[in-house]
Amino acid sequence: MDEPDDQKPLPPGARAYMTLAGAARMRAELHELMKIERPKIVEIVHWAAGNGDRSENGDYLYGKKRLREIDRRARFLGKRLEIAEIVNPAAQTNRDQVFFGATVTFVNDNDSERTVTIVGADEADLTRGEVSLYSPIALALLRARVGDAVTMHGPAGPETVEIIRINYPEERPGLCPGPAGDKSPDPIN
C-alpha cells in the first residue's frame, strides 16, 4: 500500500530533524485527531451501525473510512515524533552561516528576492515559506554565508542566487526543547 503524500519516507539514512515549533504542531495535530476528531467519528459510526443495513449506510461507510485515515495519520505522527531529533534553532551559536532552522533571504539574477526557513522534512510548508532540510534549495544554502553565491538545482534547471540575509530565532528563557532535548546535529551544524 502506498503512503499518502503527507507521509513520504525520509531519504535513506536521513534523520528526522524537527524544530520545536514543528514538533509542537505535530503533537497538536495528533492530539486533535485522537482526542477530539476520532471520538466524534466513533460516536457517528456507533449511531450509524444501530440504524440497520450497513452496506448502504453512508454515515457508517464514511465513518469507517475516516477512522482508518485518522488511525493511519496518528500512527505516522506517533512514529515520527518518537524518532524526532528536536533542534532548537535559537540555540545556534554560529549565526553567520546557514544551518538547520535558519531563515535565509536570497536574490537571483533577476533581482527577485525570496525568503525561506530550513526545517525538518515533516514540517516543511511552502505556504509558510518553509523548505525541507533535504530539498534542493536547502542543500544549496547549507553552510553558506551572507554574500555567497550558490547554485540551486531545481526543476527549471540550475539557478545561481546570492545570500543577502541569515536570521535565527532569538533565544527565549524558559523555552523547553521537548523530550529529545536541545541538540546540534553534526550534518547541519
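Two strands pair if DSSP finds at least two bridges between them. Helices (H or I, at least four residues) and strands (E, at least two) are DSSP runs, numbered from the N terminus. The exercises below use both terms.

The model is predicted: local features need pLDDT of at least 70, side-chain atom pairs count only at pLDDT 80 or more, and totals for chains, interfaces and linings use all residues. Residues are numbered from 1 along each chain as its sequence is written, and side-chain values use heavy atoms, with hydrogens and water left out.

**Exercise 1. Lay out the sheet**

Task: Find the order of the five strands in the open sheet, then go through its pairings.

Solution.
- Step 1. The order is β5-β4-β3-β7-β6, and the pairing is mixed.
- Step 2. Find the edges. They are β5 (130–132) and β6 (149–154), each of which pairs on one side only.
- Step 3. Start from the β5 side. Strand β4 (residues 113–119) runs parallel to β5, with three bridges joining the two. T117 has E130 in β5 as its bridge partner.
- Step 4. Move to β3. Six bridges pair β3 with strand β7 (residues 157–167) in the antiparallel sense. Here V104 is matched with I166 of β7.
- Step 5. Finish at β6. Six bridges, again antiparallel, pair β6 with β7. G154 has G157 in β7 as its bridge partner. Two residues lie between β6 and β7, which form a hairpin.
- Step 6. Add the twist. On average, neighbouring strands of this sheet are turned by 45 degrees against each other, direction ignored. Axes are lines fitted to C-alpha atoms, for helices over the stretch in contact, and angles run from 0 to 180 degrees between N-to-C directions.

**Exercise 2. Place N108**

Task: Decide whether N108 is buried or exposed, and list what N108 contacts beyond its neighbours within four places in sequence.

Solution.
- Step 1. Locate the residue. N108 belongs to strand β3 (residues 103–108).
- Step 2. Apply the cut-offs. Buried means under 20% relative accessible area, exposed over 50%, and partly exposed in between (1.4 Å probe, protein chains only). N108 has 15% relative accessibility, so N108 is buried.
- Step 3. List the contacts (heavy atoms within 4.5 Å). Neighbours within four places aside, N108 touches E159, T160 and V161.
- Step 4. Look for polar contacts. A polar contact is a pair of N or O atoms within 3.5 Å; within protein, one must be able to donate a hydrogen and the other to accept it, and residues adjacent in sequence count only if both atoms are side-chain atoms. The side chains of N108 and E159 make one at 3.0 Å. The N108 side chain also reaches the backbone nitrogen of S112 at 2.9 Å.

**Exercise 3. Describe the aromatic pair**

Task: Search the whole structure for aromatic pairs and say how many there are.

Solution.
- Step 1. Set the rule. Rings of Phe, Tyr and Trp (its six-membered ring) pair if their centres lie within 6.5 Å; planes under 30 degrees apart count as stacked, over 60 as edge-to-face and the rest as tilted.
- Step 2. Count. The search finds one pair.
- Step 3. Classify. The ring centres of Y17 and F100 are 6.1 Å apart and the planes meet at 50 degrees, so the pair is tilted.
- Step 4. Place the partners. Y17 is in strand β1 and F100 in the loop between β2 (85–87) and β3, so the pair ties together parts 83 residues apart in sequence.
- Step 5. Check burial. Y17 is buried because its relative accessibility is 4%. F100 is buried because its value is 2%.
- Step 6. Turn to E123, in the loop between β4 and β5. Its contacts beyond four places in sequence include Y17 and F100. Its side chain makes a polar contact of 2.5 Å with that of T19. At 5% relative accessibility, E123 counts as buried.

**Exercise 4. Follow helix α2**

Task: Compare the span of α2 with the expected span, and name what covers its buried residues.

Solution.
- Step 1. State the rule. The expected span is 1.5 Å times one less than the number of residues.
- Step 2. Compare. Helix α2 (residues 58–83) has 26 residues and spans 38 Å from first to last C-alpha, close to the expected 38 Å.
- Step 3. Pick out buried residues. Among them are Y60, G63, L67, I70, A74 and L77.
- Step 4. Find the cover. It includes β1 (17–19) and α1.
- Step 5. Inspect the start of α2. A side-chain oxygen of N57 comes within 3.2 Å of the backbone nitrogen of D59.
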